[in-house]
Amino acid sequence: MSWQPDTWRDYAAAQQPEWPDPQALGLTLERIRALPSLVTVAEVRRLRAELAAAERGEQFVLQGGDCAESFAECSSARVKSQLQVLLQMSLILVHGREQGVLRIGRIGGQYAKPRSAPTETRDGLTLPSYRGDNVNAPEFTAQARNPDPQRLLQGHLLAGMTMNHLRGLIEGGFADLHHPQFWEFPWMADSPQAVEYRRRVQGVRDAVRFMERLTRASSSALERIALYSSHEALLLDYEQAQLQAHGAEHYALSTHFPWIGVRTAALDGAHMAFFAGVANPIGVKVGPQMDPEWVLELCRRLNPRNEAGKLVLIARFGADAVRDGLPPIIERLAAEQRRVLWLCDPMHGNTETTANGYKTRPFAKIQAEIAASFEIHRALGSRLGGVHLELTGDNVTECLGGARDLQSADLERAYTSRVDPRLNAEQAVELALSLVEME
Ligand code: PEP
Ligand code: CO
């Protein structure tokens, strides 16, 4: 039988919340279905063309943002600072790598989280795990942890406001390369990387002026730098409610770029069944538990016509496992001439817990996994097309190391992530500077 929007319901759907009131869920989904979509078909198609260009090596993908966005923190200031870090990083990459940068935010709907355990126990009390603001609240009370479908609607509206603000900032010229000095954070003034960052800002401004003198016109391409949205497409009811038929194709209009996480990438699972029929470009996280045959088969399912710009594999092995795990997969796909874009997620395989109880990631390991990935791809005649990062413009202390050499005792100072530790803006800029040196 041919694919239908609800074909996935015949398969096991991992990581779905147990909504206590299915009728309330149904009503909320109906409301979401009727609301304006968060993105448009034209934008999604443009992203596919951009990803195809990245596959050809014409641009480098920078995908990044919060591990989990939060309803309470949704504000103009935060939307702006998330865009700001990505812009700072791309300026460094454009200048240093002499390659275009395609920006994709983990933003505008990154509200659902897969968890390793369905419940959490504290002092003898067991409650459902926190699954992201689209499902429940992080506080450890029975009421907060109860899945509430009204949250899906709230998340949808906040994602829409986030996208609206991003579009307004970009349209208003915030991302304009003529004024990159506006992207600097005040607290970065005494940053160890400030000198190098400003040198590159000056370099880009000189290059822009030179080009404009050459062409005697202001280059409009430099005035509009787009940011695409992405999130883990975990909650299939929610994703299905935003599916739209366009000719013979179906687009998931909850985001430009949905991805499937490692916990929901089973070949016989519902996520695979759903996205096999979706026209968006799709990301899939690839980790140490997956072997080459698994990855080859998912390529066949999600990109049956083997098209460019359709499938993005986001490798997240960890600095210690990447040299064993990644090469056999790259080789197997190459032998079958599969078209994929490879990104490196150096965050999720490098998580550790400190003695004082914080989930963290050492900056050196994040850097090492990216460096190893560049080497592995080059040695195999393949290409690393970009990175996938968890980062924030807030001045947090969640990842260890970096130029200020954060220690485990520093983590308690400003640890605000509800799920995974993020690079702060300074660490993100430092990583971008080191990416310039990697080939
Ligand atoms: C994530 O990206 O936040 C995540 C949960 O990743 P993974 O599926 O790779 O563990
Ligand atoms: Co995460």
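In this predicted model, Ile282 has Leu311 of strand S10 as its bridge partner, and this pairing belongs to a longer contact in which strand S9, residues 282–286, and S10 run in the parallel sense over 5 bridges. The two strands are also linked along the chain, since S9, helix H9 (residues 292–302) and S10 together make a right-handed β-α-β unit.

On S10 there is a further pairing, in which 4 bridges join this strand to the parallel strand S11, residues 341–344, and here Val312 stands opposite Leu341 of S11. The route from S10 to S11 passes through helix H10, residues 322–335, and this β-α-β crossover is right-handed.

Strand S10, which spans residues 311–315, is mostly covered, with 5 of its 5 residues buried. Its side chains are divided between two directions: Leu311, Leu313 and Ala315 point one way, whereas Val312 and Ile314 point the other way, and all of these residues are buried.

Elsewhere in the chain, the packing of two helices can be followed in similar detail. Helix H3, residues 76–97, packs with helix H5, residues 150–171, at an angle of about 60°, their axes lying 10 Å apart. H3 is therefore oblique to H5, because an angle that is neither under 35 degrees, nor over 145, nor from 65 to 115 counts as oblique. The crossing of H3 and H5 is right-handed, and the residues that meet there are Ser76, Val79, Lys80 and Leu83 on the H3 side and Thr162, His165, Leu166, Leu169 and Ile170 on the H5 side.

Technical notes
Residues numbered from 1 in each chain as written. Chains lettered and ligands numbered in written order. Predicted model: local features only at pLDDT ≥ 70, side-chain atom pairs only at ≥ 80, totals over all residues. Heavy atoms only, no water. Buried < 20%, exposed > 50% of the residue type's maximum accessible area, 1.4 Å probe, protein only. Pairing = 2+ DSSP bridges. Right-handed = clockwise from strand over helix to strand, strands pointing away. Axes fitted to C-alpha atoms, helices over the stretch in contact; angles between N-to-C directions. Left-handed = near helix turned anticlockwise from the far one by under 90°. Contact = heavy atoms within 4.5 Å.
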